[in-house]
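Work through the following exercises with the structure open beside you, and try each task before you read its solution.

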Amino acid sequence: MKNKITYIIDDDQLSVKLVSMLIIKNEFCETINPFFSPQIALEELKKNCTENKNLPDAILLDLNMPVMDGWQFLDEFNDLSIKKEIPIFIITSSIDPVDIEMSKKYKMVKSYIMKPINAEKLQAASILIGKKQFPDQQ
């Protein structure tokens, strides 16, 4: 088990449930914090920005959400005063090449993973935690 805390940010409750089950089965982390709203996730990050132990070790982020989408979350996350490097993995159903290219502009995004996520994709994400380079798309 490499990670202590993982945030899942996705408005689809079924997706969150399935990813959570996969994370537990594959021992990706100790604690899963699901957020169905990116705004609430940002509030939690702001609240804990000075306490590294309370910050996630990874964030799994959906792109297409109402009110605030994944891109807006990334922009706001980028403005936070967090000292800890938190890798973000985009988990999305979007196969749009523009989205894939756009994700490479965010240094905290480690990978663009197309749904459905499976054990192999989760394992690849686990390996990337701590690496600084953006890999080839999965």
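For the classes used below, Ala, Val, Leu, Ile, Met, Phe, Trp, Tyr, Cys and Pro count as nonpolar, Asp, Glu, Lys and Arg as charged, and the others, Gly among them, as polar. This is a predicted model, in which local features need pLDDT of at least 70 and side-chain atom pairs count only at pLDDT 80 or more, while totals for chains, interfaces and linings use all residues. Residues are numbered from 1 along each chain as its sequence is written, and side-chain values use heavy atoms, with hydrogens and water left out.

**Exercise 1. Describe the largest pocket and the classes of its lining residues.**

Solution. Begin with the terms: on a 1 Å grid over the protein atoms alone, a pocket is an open set of points with protein on both sides within 12 Å along at least five of seven lines, a cavity is a set where a 1.4 Å probe fits but cannot get out, and lining residues have an atom within 4 Å of a point. Grid points are joined across faces, edges and corners, and a volume is the space filled by probe spheres set on the points. The largest pocket has a volume of about 280 Å³. Twelve residues line this pocket, and the closest to its centre are F77, K84, E85, K107 and M108. Sorted by class, the lining comprises five nonpolar, one polar and six charged residues.

**Exercise 2. Work out the order of the strands in the open sheet, and explain why β2 and β5 each have one side without a neighbour.**

Solution. Helices (H or I, at least four residues) and strands (E, at least two) are DSSP runs, numbered from the N terminus, and two strands pair if DSSP finds at least two bridges between them. The five strands follow the order β2-β1-β3-β4-β5, with parallel pairing. Because β2 (29-35) and β5 (109-114) stand at the edges with a single partner strand each, one side of each is left without a neighbour in the sheet.

Next, follow the bridges from strand to strand. Strand β1 (residues 3-9) pairs with β2 over six bridges, and T6 has I32 as its bridge partner in β2. Between β1 and β3 there are four bridges, with I9 opposite L61 in β3. Finally, three bridges join β3 to strand β4 (residues 88-92), where F89 stands opposite L60.

**Exercise 3. Which residues of β3 point one way, and which point the other way?**

Solution. In a regular strand the side chains alternate between the two faces of the sheet. In β3, A58 and L60 point one way and I59 and L61 the other way, and all are buried, where buried means under 20% relative accessible area, exposed over 50%, and partly exposed in between (1.4 Å probe, protein chains only).

**Exercise 4. Find the largest cavity and state what surrounds it.**

Solution. A search of the whole structure finds one cavity of 30 Å³ or more, and the largest cavity holds about 60 Å³ of space. Its lining consists of I8, I9, D10, S15, V19, L60, L61, D62, I91 and K115. At least two of these residues come from each of β1, α1 (13-25) and β3. By class, the lining divides into six nonpolar, one polar and three charged residues.

**Exercise 5. Locate the residues other than glycine that have a positive phi, namely E27 and V67.**

Solution. E27, in the loop between α1 and β2, has a phi near 50°, and its relative accessible area of 51% makes this residue exposed. V67, in the loop between β3 and α3 (70-78), has a phi near 65°, and V67 is likewise exposed, with a relative accessible area of 74%.
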